[in-house]
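Colleague: I should like to learn how to read the main features of a model of this kind. May we take them one at a time?

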Amino acid sequence: MTRLAANIAVRIGTLDLEIALEVDERGLVLVGPNGAGKTTALLAIVGARRPTRGRIAIADDVLFDRAGGIDRATEDRGLAYLPQDYALFPHLTAIGNVAFGLRGPRAERTERARSLLDRLGVGSVADRHPGGLSGGERQRVALARALAPSPRALLLDEPLAALDVESRDSVRAFLIAELRAQHRPFIVIAHDREDVRAFAAPVAVLEHGRVVQRGELASLEAHPATSFTARLLGGRSPDPD
Amino acid sequence: MRHSLRRGAWRAAGYALGGSLLAFLVLPVVALFVTGNPADWLTGLRNPITVPALVLSLVTTALSLGVLVAFGTPLAWWLGRSEARVARLVETVVQLPIVVPPAVAGLALLLAFGRRGLIGPLLEDVGIDIAFSTTAVVLAQVFVAAPFYIQAATAAFAGVDENLLVVARTLGARPATVLFRVALPLARRGLIAGAALAWARALGEFGATLMFAGNLSGRTQTLPLAVYTALESDVRAAQALAVILVVIALGIIIVLRPRRGRHRR
């Protein structure tokens, strides 16, 4: 099983982030209040924010090691990143977006991009620009684009937040099935009780830049360590420490 | 009733004030066209100073625009993406040529690059004499036009969503590829607008050029300087040259007119 491990400290503005996360193919759901540092954690792992100390590795491959002087460029880390708004390139068509991360002759790239879009059920919008796509279509195109270069792990920032209520359930089911089929480590940020449950993966709770609790969903539900976790997962108040 | 009367009066006053200013802005341009006739302009165009000035203006503004885009784009990229305090300071410094009077800019350039200027002697040692040359014309244009391009380009780059750049990198693109395939296409409209404004400013450059480059036919006498020179001897020639400048300016405004964005999000 491939394992992605990050043990890092990041300081940006008023944010003081210090986390140790470990994730395998079962995935990890990252939850926490706004400003806790969830997005910054993902950006640091892909290499868009530089940690002040720590180490990031996937399997035996070290991506970042402050002490060892290793800081692999984002493009050499092989990690996929899906921002909250999907960040599709507005000047490219859906197929152009997916082909962006592919190498090789043009015809080959286009063909591979098309087959990926087909597989994710959005082949019919291949020639449209992102502006003309629905939320669910955008998410699928973004997912196809993220999967195109065969990333070693996926980092998803609230992939369900931009969706309207009607499409949310079906898109969520689709996303989860796709992530499971990938057999790659993934970290997904969620802020909704339903979403957290649906991913059925270990959960880490981030508050004020620290992981305050981690574990299986059931144990967090049974023994929430903070009032945030209790509110998020429903009902029960935190155990007195 | 009284309320709506008062509102009507305010509205009438508003129209009168705004309309007067508009008329004031348009009238001189109209005068430029209606006080002469095409036959006069053709005669004016045959004045021996016309063609050299036109050619010199086109050549020097093309050069200064090229210099500005080549050197200004990387600077604007940094200004648009950096959150460092020094970047905000540089942004302010870059605006200096807008508020400095052109004649002062010309004097300043002379004191910097002139034969007795700050680095003039150094340049002279390696055989470069800038003042009162075509190079001086280009430098004066770059100096006064730079803020227009850099400001617009900075705003354009700052408007590119950082997530797009991060995602592009995660898809395996090197920074240069990200610049050419994502940032530049998305900033394109702002870059073109800035370049057009800067070009218009360079084309109209008068004061700094006169001070720093002089008014030498064929070498430093650009269109605006030719208008000034022609006015002393042949008003028709001056007017013909002025019409050329205005037509170019109108062309730029038409190119830059506000349009709806092509990329919807």
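Modeller: Helices (H or I, at least four residues) and strands (E, at least two) are DSSP runs, numbered from the N terminus. By that rule chain B has 13 helices and zero strands. Note that the model is predicted: local features need pLDDT of at least 70, side-chain atom pairs count only at pLDDT 80 or more, and totals for chains, interfaces and linings use all residues. Residues are numbered from 1 along each chain as its sequence is written, and chains are lettered from A and ligands numbered from 1 in the order in which they are written.

Colleague: What does the C-alpha trace of chain B span along its principal axes, and what percentage of the chain counts as buried?

Modeller: The span is about 80 × 65 × 30 Å. A residue is buried if 20 or more other C-beta atoms, placed from the backbone, lie within 10 Å of its own, exposed if 12 or fewer, and partly exposed in between. Of the 265 residues of chain B, 37% are buried on this count.

Colleague: How is burial read for one residue, such as Phe143(B)?

Modeller: Phe143(B) lies in helix α8 (residues 134-158) of chain B. Phe143(B) counts as buried because 25 C-beta neighbours fall inside 10 Å. For its partners, contact is the term: two residues are in contact if their C-beta atoms, placed from the backbone, lie within 7 Å. Leaving out residues up to four places away in sequence, Phe143(B) touches Pro97(B), Ala105(B), Leu109(B) and Ala208(B). Ala105(B) is 38 residues away along the chain, with a C-alpha separation of 7.9 Å from Phe143(B).

Colleague: Which residues of helix α12 of chain B are buried, and against what do they pack?

Modeller: In α12(B) (residues 223-233) they are Leu223(B), Pro224(B), Leu225(B), Ala226(B), Val227(B) and Ala230(B). These residues pack against α3 (50-81), α10, α11 (207-212) and α13 (235-256) of chain B. For the chain at large, among contacts between residues at least 6 apart in sequence, 76% join residues at least 24 apart.

Colleague: How should the packing of two helices be read?

Modeller: Axes are lines fitted to C-alpha atoms, for helices over the stretch in contact, and angles run from 0 to 180 degrees between N-to-C directions. Helix α4 (residues 135-147) and helix α5 (residues 165-182) of chain A pack at about 15°, their axes 10 Å apart. The pair is therefore roughly parallel (angles under 35 degrees; over 145 is roughly antiparallel, 65 to 115 roughly perpendicular and the rest oblique). From α4(A), Gly135(A), Gly136(A), Gln139(A) and Leu143(A) meet Ser167(A), Val171(A), Leu175(A) and Glu178(A) of α5(A).

Colleague: What classes of residue make that contact of α4(A) with α5(A)?

Modeller: Ala, Val, Leu, Ile, Met, Phe, Trp, Tyr, Cys and Pro count as nonpolar, Asp, Glu, Lys and Arg as charged, and the others, Gly among them, as polar. The contact has three nonpolar, four polar and one charged residues.

Colleague: How many residues do chain A and chain B bring to their contact?

Modeller: 17 residues of chain B are in contact with 20 residues of chain A. On the chain B side, α9 (162-170) and α10 (175-204) each give two or more residues, and α9(B) gives the most, with six. That side of chain B has eight nonpolar, four polar and five charged residues.

Colleague: Where do the domains of chain B fall?

Modeller: Domain bounds come from an automatic or database domain assignment. Chain B is divided into domain 1 (1-35) and domain 2 (39-256), and their C-alpha centres are 34 Å apart.
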